[in-house]
Amino acid sequence: MATTSIPNQATYYKRYRMELDLVAPLPAVPSLPAGFAWIPWEERLIDAHADVKCQCFKDELDGIVFPNLSNRAGCERLMRDICERSGFRPQATWLIAHNEIYVATVQGVADRVGNGSIQNLGVIPAYRGQHLGLAILLQALHGFRLTGLAKATLEVTAQNENAIRMYRQVGFRFRKSYYRMVEPATYRISDPAWVL
Ligand SMILES: CC(C)(COP(=O)(O)OP(=O)(O)OC[C@H]1O[C@@H](n2cnc3c(N)ncnc32)[C@H](O)[C@@H]1OP(=O)(O)O)[C@@H](O)C(=O)NCCC(=O)NCCS
């Protein structure tokens with residue numbers, strides 16, 4: 001079951017952890033369509049990443065599962081937190097621009113055991129379906145490889161079938177599942193409640 005809900009009580013959202021071996025062959029980063037450009041990480045781009053993140057997630061289920069993703073201030077907090085972490089990987093942190101507009105974002109962080117963790121990958125709604133999601137995912141994965149990481153991981157909400165299809169397409173496989181609790185009144189989120 002993907003979601004378990006009790007009226008006025010917490011809702012539990014099923015999430016998957018997926019993993020990819022970065023030592024195995026990895027598809028090349030595809031060329032972007034005409035008019036699109038890669039924007040590598042610079043600290044002055046925190047606001048741009050936060051803006052794109054907010055547009056990507058505010059109307060999605062993950063905006064409920066992770067309330068910070070549903071509003072601009074929360075997205076900025078997340079961005080600042082991510083780029084201050086010791087494992088932050090600028091090489092796996094990218095924007096895609098279309099002319100003057102930023103349209104896609106991803107951040108990469110090495111976790112405590114040295115796996116590259118894909119964070120908050122998103123493409124703004126008007127630009128979906130052009131393989132930009134796939135392209136920015138591969139760009140981040142190659143960035144992890146460049147910094148010597150051997151494995152990539154990510155977590156995805158079980159109902160997010162489009163994202164799961166994209167992750168499976170590049171070779172990510174399910175490793176485990178858990179439920180994340182969202183409290184209705186405060187939308188305070190606990191750590192993963194348990195691991196199945
Ligand atoms: C998931 C997301 C990043 C996909 O971005 P996108 O640029 O539209 O995806 P792409 O065009 O690169 O598609 C890559 C693959 O993903 C799958 N996919 C993506 N969108 C899909 C859709 N609407 N229907 C079916 N499959 C889809 C397909 O396998 C697709 O490959 P194909 O076109 O060769 O079949 C985008 O929908 C998004 O930003 N969603 C909201 C944020 C989010 O959920 N992020 C993931 C958090 S874990």
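The following dialogue explains how to read several features of this structure, which is a predicted model.

Biologist: Let us begin with the ligand. How many residues surround the ligand, and which are the closest?

Modeller: One starts by listing the residues around the molecule. Here 21 residues surround the ligand, and the closest are Arg128, Gly133, Leu134, Asn162 and Met166.

Biologist: Which helices and strands each supply at least two residues of the shell around the ligand?

Modeller: Helix α1 (46-57), strand β6 (116-123), helix α4 (132-146) and helix α5 (161-170) each do so. The largest share comes from α5, with five residues.

Biologist: How many residues of each class does the shell around the ligand have?

Modeller: The shell has nine nonpolar, eight polar and four charged residues.

Biologist: Two of those helices, α4 and α5, invite a further question. At what angle do the axes of α4 and α5 cross?

Modeller: The packing of two helices is read from their axes. Those of α4 and α5 cross at roughly 50° and come within 10 Å. The two helices are therefore oblique. In handedness, α4 passes α5 in a right-handed crossing.

Biologist: Which residues of α4 and α5 meet?

Modeller: From α4 come Gly133, Leu134, Leu137 and Leu138, which meet Met166, Gln169 and Val170 of α5. Five residues of this contact are nonpolar and two are polar, with no charged residues. Gly133, Leu134 and Met166 also stand among the closest residues to the ligand.

Biologist: I should like to compare this with another helix pair. At what angle do α1 and α3 pack?

Modeller: Helix α1 and helix α3 (residues 72-84) pack at an angle of about 130°, and their axes lie 8 Å apart. These helices are therefore oblique to each other. Their crossing is right-handed.

Biologist: Which residues make the contact of α1 and α3?

Modeller: On the α1 side they are Ile46, Asp47, His49, Ala50, Lys53 and Cys54; on the α3 side they are Arg72, Cys75, Glu76, Met79, Arg80 and Cys83. By class, this contact divides into six nonpolar, one polar and five charged residues.

Biologist: Let us turn to single residues. Is Val156 buried or exposed?

Modeller: Burial is judged by counting neighbours. Val156 is buried because 20 other C-beta atoms lie within 10 Å, and 20 or more is the cut-off for that class. Val156 belongs to strand β7 (residues 151-157).

Biologist: Which residues does Val156 touch, leaving aside those up to four places away in sequence?

Modeller: Val156 touches Arg15, Tyr16, Met18, Ala163, Ile164 and Tyr167. A distance can be read in the same manner: Val156 and Arg180 are 24 residues apart in sequence and 11 Å apart in space, C-alpha to C-alpha.

Biologist: The backbone also has angles to read. What is the phi of Asn99, and what is the phi of Asn120?

Modeller: Asn99 has a phi near 55°, a positive value in a residue other than glycine. Asn120 has a phi near 50°, likewise positive in a residue other than glycine.

Biologist: Where do Asn99 and Asn120 lie?

Modeller: Asn99 lies in the loop between β4 (94-98) and β5 (101-110), whereas Asn120 is found in strand β6.

Biologist: Why does Asn99 count as exposed?

Modeller: Asn99 counts as exposed because it has 8 C-beta neighbours inside 10 Å, and the limit for exposed residues is 12 or fewer. Asn120, by contrast, counts as buried because it has 22 C-beta neighbours inside 10 Å.

Key. Residues are numbered from 1 along each chain as its sequence is written. This is a predicted model: local features need pLDDT of at least 70, side-chain atom pairs count only at pLDDT 80 or more; totals for chains, interfaces and linings use all residues. A residue is near a molecule or strand if its C-beta atom, placed from the backbone, lies within 6 Å of it. Helices (H or I, at least four residues) and strands (E, at least two) are DSSP runs, numbered from the N terminus. Ala, Val, Leu, Ile, Met, Phe, Trp, Tyr, Cys and Pro count as nonpolar, Asp, Glu, Lys and Arg as charged, and the others, Gly among them, as polar. Two residues are in contact if their C-beta atoms, placed from the backbone, lie within 7 Å. Axes are lines fitted to C-alpha atoms, for helices over the stretch in contact, and angles run from 0 to 180 degrees between N-to-C directions. Angles under 35 degrees count as roughly parallel, over 145 as roughly antiparallel, 65 to 115 as roughly perpendicular and the rest as oblique. A crossing is left-handed if the near helix is turned anticlockwise from the far one by less than a right angle, and right-handed if clockwise.
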